[in-house]
Amino acid sequence: MLRTQVAIVGAGPAGLLLGQLLHKEGVDTLLLERRSADYVAARIRAGVLEPGTVDVLERAGVATRLHAEGLTHDGVEIGFRGLRHRVDLKALTGKAVTVYGQTEVTRDLMEARTRSGASSVYEAEDVALHDFAGPTPRITYRHQGEAHEVACDFIAGCDGFHGISRRSVPAAAMSVFERVYPFGWLGLLADVPPPWHELIYANSEHGFALASLRSPTRVRCYIQCSLEDRVEQWSDERFWTEFRRRIGGEISARVPSAPSIEKSIAPLRSFVAEPLRFGRLFLAGDAAHIVPPTGAKGLNLAVSDVFYLYEALRDFYGERSERALDEYSARALRRIWRAERFSWWMTRQLHRFPGDAFDERLQQTELEHLFESHAAQMAMAENYVGLPFEPFRGG
Ligand code: APR
Ligand code: PHB
């Protein structure tokens with residue numbers, strides 16, 4: 001039987017980052033991933049990093065390319081009724097966000113793991129978690145047709161929303177909180193210089209649109225779409241026509257009809273599972289929670305979970321102290337719920353919801369208040385740049 005200190009399930013940003021932080025502390029990890037390395041490296045996801053996320057990536061030693069290629073954004077814009085209002089993140093909070101794709105973060109982490117010599121098994125099939133209620137957890141899996149078993153001290157469940165870790169916990173031991181939204185996002189990636197300087201989140205009468213970017217030569221754009229829509233129904237030309245209509249103003253005339261290099265539809269969901277610890281199994285990232293993408297919090301929240309879990313495991317191996325492990329779930333959940341609240345709020349204010357005229361007036365009132373009130377902009381800005389990490393107080 002193989003043996004490792006921390007078995008990590010899932011090679012998304014959460015699993016890869018935890019592995020890298022622990023490697024720097026001399027803690028041995030084994031990473032088990034269902035997909036191939038090529039698939040993981042090519043996945044297109046969001047791209048806005050909080051300064052706290054950048055700090056953690058620096059600490060993990062994977063921020064060189066991020067500092068060279070990431071774009072610093074001091075503000076974001078909100079479009080409503082044909083006008084654009086800028087929220088000056090830098091002036092309000094002293095902080096800025098960094099535009100750098102999750103695909104690039106993943107690539108940097110994968111390369112660092114390869115350099116570190118830590119073990120990874122891609123295309124691991126039938127991963128199953130055993131005995132994590134007690135002191136000697138095990139994982140079984142198949143790889144290239146052969147059965148394997150690994151013994152470990154801890155299991156980190158970093159296998160995303162559809163992973164096995166959360167589903168391995170008895171239902172009675174877990175509470176789940178969920179909200180499903182009545183629309184999705186259709187996203188398009190294209191190699192063309194963006195005609196906007198900062199991200200534009202637009203609430204138009206035709207639905208939400210987001211103008212984002214990945215680099216000075218690559219745009220990422222989204223529009224709110226029906227959950228029944230299929231990507232095949234959206235030609236590039238149809239996407240751009242609709243996007244122009246929604247983004248509005250003088251920008252719309254400058255939106256190029258560039259051919260897509262990726263196009264996909266994602267549903268929007270808010271989800272939290274509690275607690276995050278079951279004996280020696282710890283959940284982190286999308287395995288434990290989902291936010292709708294409107295606040296750009298998904299990756300950033302995975303990073304703060306992982307940072308708390310890393311600190312707790314470091315204390316365990318360094319000082320034989322379990323206090324931070326005992327605190328992990330409550331500490332992480334406090335930040336998770338704040339990001340859930342903000343992501344729900346952004347989603348609620350910026351999309352067109354079917355139906356209720358009272359809700360529509362409230363949305364309009366909320367946005368007008370945001371544009372006029374320094375305090376309301378401050379509240380948005382401090383959440384958008386990321387709430388501070390909570391220091392461990394139990395030590
Ligand atoms: N066995 C092994 N690996 C698995 C299994 C399984 N049964 N199920 C899923 N996985 C893998 C997935 O293939 C994926 O590579 O776990 C990984 C989870 O990665 P992510 O979904 O990226 O989740 P996470 O690392 O928590 O990152 C959170 O990614 O989804 C975005 O919005 C999210 O930006 C946020 C970030
Ligand atoms: C993205 O660039 O993909 C992106 C940016 C901001 C969001 C969501 C997605 O809120």
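Me: What makes the pair formed by a backbone N or O atom of Ala 14 and an oxygen atom of ligand 1 a polar contact?
Reply: This is a predicted model. In it, a backbone N or O atom of Ala 14 lies 2.9 Å from an oxygen atom of ligand 1. The cut-off for a pair of N or O atoms is 3.5 Å, so the pair counts as a polar contact.

Me: How do you know that the side chains of Glu 33 and Gln 102 make polar contacts with ligand 1?
Reply: Take Glu 33 to begin with. One of its polar side-chain atoms is 2.6 Å from a ligand 1 oxygen. For Gln 102, a side-chain N or O atom is 2.7 Å from an oxygen atom of ligand 1. Both values are within 3.5 Å, so both pairs qualify. As for cover, the protein hides 89% of the 700 Å² of accessible area that ligand 1 has on its own.

Me: Which helix gives the most to the shell around ligand 1?
Reply: H8 does, with three residues. Helix H1 (13–24) and helix H8 (298–319) each supply at least two. The shell residues divide into 10 nonpolar, seven polar and seven charged.

Me: Why is Cys 225 in no disulfide with Cys 221?
Reply: The sulfur of Cys 225 is 14 Å from the closest cysteine sulfur, in Cys 221. A disulfide needs the two sulfurs within 2.5 Å, so this pair is too far apart for a bond. The structure holds zero disulfides.

Me: Why are Cys 221 and Cys 225 called buried?
Reply: Buried means under 20% relative accessible area. Cys 221 has 0%, so it is buried. Cys 225 has 6%, so Cys 225 is buried too.

Definitions and conventions:
Residues are numbered from 1 along each chain as its sequence is written. Chains are lettered from A and ligands numbered from 1 in the order in which they are written. This is a predicted model: local features need pLDDT of at least 70, side-chain atom pairs count only at pLDDT 80 or more; totals for chains, interfaces and linings use all residues. Side-chain values use heavy atoms; hydrogens and water are left out. A polar contact is a pair of N or O atoms within 3.5 Å; within protein, one must be able to donate a hydrogen and the other to accept it, and residues adjacent in sequence count only if both atoms are side-chain atoms. Accessible areas come from the Shrake-Rupley method with a 1.4 Å probe; for residues, only the protein chains shown count as cover. Helices (H or I, at least four residues) and strands (E, at least two) are DSSP runs, numbered from the N terminus. Ala, Val, Leu, Ile, Met, Phe, Trp, Tyr, Cys and Pro count as nonpolar, Asp, Glu, Lys and Arg as charged, and the others, Gly among them, as polar. Buried means under 20% relative accessible area, exposed over 50%, partly exposed in between (1.4 Å probe, protein chains only).
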